[in-house]
Amino acid sequence: MADTRISGFPGAEQTVLGADEIIINMGPQHPSTHGVLRVKLRLDGERIVDSECIIGYLHRGVEKIAEHRSYQQFGPYVDRMDYVAAVSNGLGYCEAVEKLLGAEAPMRAKVVRTILTELQRISSHLLWLGTHAIDIGALTPLFYCLREREEILKIFEKYCGARLTTHAFRIGGLQYDTYDGFEQEVKRFCLDFVHRVDEYEQLLTENRIWIARTKGVGVLTAADAIDMGATGPVLRGSGVKWDIRKAMPYAAYDKYDFEIPIGKNGDTYDRYVVRMQEMRQSNRICLQAIEDIPAGPIMGKVGKVLKPPVGEVYHSIEAPKGELGYYIVSDGTTQPYRVRIRPPSFINLEALDKMIKGHLVADVVAIIGTLDIVLGEVDR
Amino acid sequence: MALDNDLVKRFKARFGDKIREAWTDRKQAILVVDRESLSEIAVYCRDDESFDYLVDLTAVDWPKREKRFDVVLNLYSFKKNERLRLKAYAGEGESCPSVTGVWSTANWLEREAYDMFGIVFEGHPGLKRILLPDEWQGHPLRKDYDILTQDTAWVRENLGIESGQ
């Protein structure tokens with residue numbers, strides 16, 4: 001008789017499988033895991049009894065590299081963590097080092113940073129929406145989303161020459177001033193984009209198949225979300241009204257009006273609604289900011305050689321995926337002694353095992369999509 | 001700068017000399033606590049001081065110090081909109097109490113700290129490597145692990161190449 005014992009699930013050296021149970025590996029090469037994520041599923045028929053995430057396939061040792069580069073040299077590396085939201089990563093890193101130095105970026109730089117970061121949030125959410133919808137079987141939204149995302153990437157390209165790993169900001173401010181026609185282009189995009197979100201919503205929000213596939217799937221209660229450390233739209237979808245842009249404002253966010261959208265049930269549908277509303281709010285922030293970019297310098301007073309005083313700092317921002325934090329320890333030299341990155345995707349992914357238990361295999365795809373993970377950031 | 005506000009006073013009244021030091025750095029509060037009582041203090045933080053969200057758990061290596069590791073916990077309170085950093089010192093081979101029973105987030109974070117620094121968290125439900133392969137030798141974020149170091153035997157055996165560099 002075949003041995004049905006399989007090792008590898010947490011808490012048990014060997015797991016004895018029931019008569020109808022099988023173990024399936026989803027990934028690391030699977031289109032809906034959005035990268036090299038491997039999920040080991042223990043199934044009873046099509047229901048998930050137990051699961052385990054296996055990660056690390058994309059581990060590059062970013063935190064180790066940081067200890068061997070100067071503060072400025074490490075800047076481009078952070079873009080390669082959450083590579084669909086490189087601008088947000090850069091903002092968090094630059095602000096953390098500025099805090100460590102006791103320096104501040106000038107107002108003009110802060111406003112431009114805010115605009116670019118909000119555009120990045122929209123583009124990151126668009127990529128999430130397109131891929132999440134295609135995972136569940138809605139093909140059309142992807143084409144619509146990539147069309148608008150392209151507009152944003154073109155703005156980035158014109159601003160700094162790169163579309164994805166932009167390295168848009170520098171410690172102390174900006175390297176480049178805005179190009180001629182920047183305001184008009186962003187404004188034209190934003191005025192148009194409001195109607196585009198309506199279009200996406202027409203495709204999905206009241207679509208019967210979409211509702212059937214997302215309502216009640218992957219429920220995370222508010223208490224669980226806090227216990228699991230989930231942040232960003234995952235936390236807000238569970239009804240916790242918390243956004244670092246409001247709680248501890250950074251860049252120029254305290255100057256603008258915007259709402260924090262929240263969900264009620266903490267299911268996949270609510271997280272969808274939250275992200276859709278967030279795109280509208282980001283658009284609103286951009287429209288306010290673009291009207292009034294203050295004149296002045298774009299670079300603050302930081303030296304060419306950065307030697308932050310001995311000590312440590314933790315600074316975090318609201319990245320598209322959640323709280324992105326940098327904990328930097330300085331020993332007074334030009335290279336950081338330790339850089340710890342608090343990755344939102346990594347910690348949100350931790351909730352996966354809890355969320356998929358009892359669901360069908362097809363729902364795993366929906367739940368991975370709704371967590372909006374980027375493996376470059378999970379594995380660092 | 002030494003810190004002596006109401007929060008620290010409450011901690012000291014409750015835990016006495018288990019609160020070793022308290023200071024602020026860049027206006028951020030840091031408390032150094034006794035390693036053995038870490039989980040007890042964590043429960044107090046969560047339940048009585050409403051630091052209900054464990055933002056991050058990590059470590060820093062200071063090889064020249066007698067107790068080489070800082071175990072660092074970043075906490076946040078939704079109610080007070082306030083952050084607090086707890087630190088505990090652990091020497092080579094000394095284990096640290098796990099806080100997985102207090103915050104579920106700590107599960108993966110402690111596995112990562114174990115993976116990268118080799119700090120053992122006592123009471124963790126399944127402490128094993130998370131980012132590196134299970135059989136990997138060495139803990140890369142230790143300061144004595146050079147940036148070019150790798151587990152050559154593992155690389156040769158599993159990847160079939162001479163070196164990953």
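Begin by selecting β3 and β4 (residues 69-77) of chain B, where the two strands pair in the antiparallel sense over 8 bridges. Everything on this tour belongs to a predicted model, and each stop below names what to select and what is found there.

With that pair still on screen, pick out L54 of chain B and look across to β4(B), where L75(B) is its bridge partner. As a general point, strands of a sheet pair through backbone hydrogen bonds, in either a parallel or an antiparallel arrangement.

Next, widen the selection to the whole sheet of chain B, in which 5 strands stand in the order β1-β2-β5-β4-β3, forming an open sheet with mixed pairing. Follow that order to its two ends, and you come to β1 (19-25) and β3 (53-61) of chain B, which stand at the edges with a single partner strand each, so that one side of each is left without a neighbour in the sheet. If you turn the view to look along the sheet, the twist from one strand to the next averages 20 degrees.

Now add helix α3 of chain B, residues 106-117, which lies across β3 and β4 of chain B. Compare its direction with that of β3(B), to which the helix runs at about 5 degrees.

From here, colour chain B by its domain assignment, which gives domain 1 as residues 6-131 and domain 2 as residues 132-165. The centres of these two domains of chain B, taken over C-alpha atoms, are separated by 29 Å. Where they meet, 9 residues of domain 1 of chain B are in contact with 9 residues of domain 2 of chain B. On the domain 1 side of chain B that touches domain 2, the largest share comes from α3(B), with 3 residues, and by class that side holds 4 nonpolar, 1 polar and 4 charged residues.

Finally, show chain B as a whole, with its secondary structure of 4 helices and 7 strands, and trace the chain along its sequence, where the pattern reads α-β-β-α-β-β-β-β-α-β-α. Taken along the principal axes, the C-alpha atoms of chain B fill a box of roughly 60 × 30 × 25 Å. If you colour chain B by burial, buried residues account for 37% of its 165 residues. Among the contacts in chain B between residues at least 6 apart in sequence, 42% join residues that are at least 24 apart.

Definitions and conventions. Residues are numbered from 1 along each chain as its sequence is written. Chains are lettered from A and ligands numbered from 1 in the order in which they are written. This is a predicted model: local features need pLDDT of at least 70, side-chain atom pairs count only at pLDDT 80 or more; totals for chains, interfaces and linings use all residues. Two strands pair if DSSP finds at least two bridges between them. Axes are lines fitted to C-alpha atoms, for helices over the stretch in contact, and angles run from 0 to 180 degrees between N-to-C directions. Two residues are in contact if their C-beta atoms, placed from the backbone, lie within 7 Å. Domain bounds come from an automatic or database domain assignment. Ala, Val, Leu, Ile, Met, Phe, Trp, Tyr, Cys and Pro count as nonpolar, Asp, Glu, Lys and Arg as charged, and the others, Gly among them, as polar. A residue is buried if 20 or more other C-beta atoms lie within 10 Å of its own, exposed if 12 or fewer, and partly exposed in between; C-beta atoms are placed from the backbone.
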